[in-house]
Amino acid sequence: MIATLQQFAKHKNGTYVSMDLSEQSRELIDHFVEMNLGLTERVDKSTYHITVIYSRAPVPSAEQYAGYGNDQPARVTGYEVFPTKSDGKCLVLRLECPFATLLNKQLTAQGATSDYPEYKPHMTIAYNITQEIVPHTLPLPEFNLYFDPVKVEPLDPEFIPKNKD
């Protein structure tokens, strides 16, 4: 019971579960983005990740998945422009990632919440974009992406991705 109370206290502001992009995939996609997309604002490549849950409700049971590896690749299916917390826009790569989708469903069943009606696996590549972008006209990478093991952290409601210097 004490461990559960400690875990709950650790996650009092909510729970964040993600997987960082593997180093090799990070280099591949960063080079692709630089050579093919002509973005003026890009996130730093060290921040490439897929969010599994961003839950304002605590989900201390998520700790059981920390460090769990996934060998299944993710596939880029397109681009989308999402709103940011500060009423800006960010460009994301939409991903087909069965592992993240399954884990999201499991954590939702354990009490995870979302600010959005459906889970859309994605990876942010440009935050607070100011240029006009037509997502369906952008070229798609023709290689798979691989992610590092699952990370579970207390939710940081103030987090903002850092842009590339």
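In this predicted model, arginine 42 pairs up with aspartate 30 in a salt bridge, and their closest N and O atoms sit 2.5 Å apart. The two partners come from distant parts of the chain: aspartate 30 belongs to helix 2 (23-36), while arginine 42 is found in the loop between helix 2 and strand 2 (49-55), 12 residues apart. As for accessibility, arginine 42 and aspartate 30 are both buried. This pair belongs to a wider set, as a search of the whole structure turns up eight salt bridges.

Another of these contacts brings together the side chains of lysine 120 and glutamate 80, with an N to O distance of 3.0 Å. Glutamate 80 is part of strand 3 (residues 75-83) and lysine 120 is in the loop between helix 3 (98-109) and strand 5 (122-126), so this salt bridge ties together parts that are 40 residues apart in sequence. Lysine 120 is partly exposed, at 25% relative accessible area, and glutamate 80 is partly exposed too, at 21%.

Then there is glutamate 132, whose side chain meets that of lysine 89 in a salt bridge at 3.6 Å, N to O. Lysine 89 is in strand 4 (residues 89-96) and glutamate 132 in the loop between strand 5 and strand 6 (147-154), so the pair ties together parts 43 residues apart in sequence. Here glutamate 132 counts as exposed, with 69% relative accessibility, whereas lysine 89 is partly exposed, with a relative accessible area of 30%. Some salt bridges also share partners, and in this way Glu80, Arg94 and Lys120 are joined into one network.

Note on methods: Residues are numbered from 1 along each chain as its sequence is written. This is a predicted model: local features need pLDDT of at least 70, side-chain atom pairs count only at pLDDT 80 or more; totals for chains, interfaces and linings use all residues. Side-chain values use heavy atoms; hydrogens and water are left out. A salt bridge is a side-chain nitrogen of Lys or Arg within 4 Å of a carboxyl oxygen of Asp or Glu. Helices (H or I, at least four residues) and strands (E, at least two) are DSSP runs, numbered from the N terminus. Buried means under 20% relative accessible area, exposed over 50%, partly exposed in between (1.4 Å probe, protein chains only).
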